[in-house]
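Welcome, and please open the model in your viewer. We will go from one selection to the next, and at each stop I will tell you what is there.

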Amino acid sequence: MKTFKLVALSIVHGENVEKLELIDGLIINREYGKENWLIEILLPKINPEKFQSILDNKETVNVQATISKPSNDPASFEVVIRNVAVMEDRMSILFEGELFRRNNNYPEKLLETLMENGFNGEDLLQAFKEKINEKPVLQKSK
């Protein structure tokens, strides 16, 4: 197993990225051959019901994890929540999931989507610059 410091975690909702207010976190590569990872995060106690609902409904969630230092590109995962522990003023969330590989066609797909949504000229350029850094398009690893 390999353990890494987690410096940022975001939940991906389609094309939107929700950055979580991470207090601390770690990510463990369990090295079972299927890109199986554990992610544990410590957050302020804000809306624990949201995470408990995801756990109760056994929902799959797409997340982006930035490992080791903030300047690293985020890695994308498909995860389920295994545990929600609520403390006095904080909460711990344990995820388990598989690593996704970055979709190499992302810039082209993003540009195509923006154009389909009516962006052009300077607006297209600005929207592209904003979205290209979010990298929300995921592709499951093979």
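Leaving aside its neighbours within four places in sequence, which residues is serine 10 in contact with? Select serine 10 and look around it: the contacts are Val17, Glu18, Lys19, Leu20, Asn62, Val63 and Gln64. Contact here means heavy atoms within 4.5 Å. Serine 10 sits in strand β1, residues 2-13. Its relative accessible area is 10%, so serine 10 is buried (buried means under 20% relative accessible area, exposed over 50%, partly exposed in between, with a 1.4 Å probe and protein chains only).

**Before you go on**

This is a predicted model, in which local features need pLDDT of at least 70 and side-chain atom pairs count only at pLDDT 80 or more, while totals for chains, interfaces and linings use all residues. Residues are numbered from 1 along each chain as its sequence is written, and side-chain values use heavy atoms, with hydrogens and water left out.

**The whole chain**

Now zoom out and show the chain as a cartoon. You will find 3 helices and 8 strands, where helices (H or I, at least four residues) and strands (E, at least two) are DSSP runs numbered from the N terminus. Starting at the N terminus, the order is β-β-β-β-α-β-β-β-α-α-β. The protein chain has 142 residues, and 37% of them count as buried. Among contacts with a separation of 6 or more, 57% are between residues 24 or more positions apart. Switch on the surface as well: about 8,600 Å² is accessible, and carbon and sulfur atoms hold 48% of that. These areas come from the Shrake-Rupley method with a 1.4 Å probe, and for residues only the protein chains shown count as cover.

**Strands side by side**

Hide the surface and select β1 together with strand β3, residues 24-29. The two run antiparallel and are joined by 4 bridges (two strands pair if DSSP finds at least two bridges between them). Click on lysine 5 and you will see leucine 26 of β3 opposite. Next add β4, which runs antiparallel to β3 and is joined to it by 6 bridges. One place to look is glycine 25, whose bridge partner in β4 is isoleucine 41.

**The aromatic stop**

Select Phe4, Trp37 and Phe77, which form one aromatic cluster. Rings of Phe, Tyr and Trp (its six-membered ring) pair if their centres lie within 6.5 Å; planes under 30 degrees apart count as stacked, over 60 as edge-to-face and the rest as tilted. By this rule there are 2 aromatic pairs. In one of them, tryptophan 37 and phenylalanine 77 meet edge-to-face, with 5.5 Å from centre to centre and 70° between the planes. Tryptophan 37 belongs to strand β4 (residues 36-44) and phenylalanine 77 to strand β6 (residues 75-86), so this pair ties together parts that are 40 residues apart in sequence. Buried or exposed? Tryptophan 37 counts as buried at 8% relative accessibility, and phenylalanine 77 counts as buried at 0%.

**Around helix α1**

Move to phenylalanine 51, in helix α1, residues 48-56. With a relative accessible area of 3%, phenylalanine 51 is buried. Not counting residues up to four places away in sequence, phenylalanine 51 touches Ile11, Leu20, Leu43, Ile81, Val84, Met91 and Ile93. Try a distance label too: the C-alpha atoms of phenylalanine 51 and valine 84 are 7.0 Å apart, although 33 residues separate them along the chain.

Which residues of α1 are buried? Colour Pro48, Phe51 and Ile54. They cover an arc of only 125° around the axis, so they lie on the same side of α1; the arc is that of the directions from the helix axis to the C-beta atoms. Turn the helix to its other side and you meet Glu49 and Asp56, which are exposed.

**Positive phi values**

Select asparagine 47, in the loop between β4 and α1. Its phi is near 55°, a positive value in a residue other than glycine, and asparagine 47 is partly exposed at 40%. Just after α1, lysine 58 also takes a positive phi, of about 55°.

**Last stop: confidence**

Finally, colour by pLDDT, the predictor's confidence in each residue, from 0 to 100. The chain has a mean of 87, and 87% of its residues reach 70 or more. Over residues 137-142, pLDDT stays under 50, and the model has 19 contacts beyond four places in sequence for them. Where pLDDT is low, the predicted coordinates should not be read in detail.
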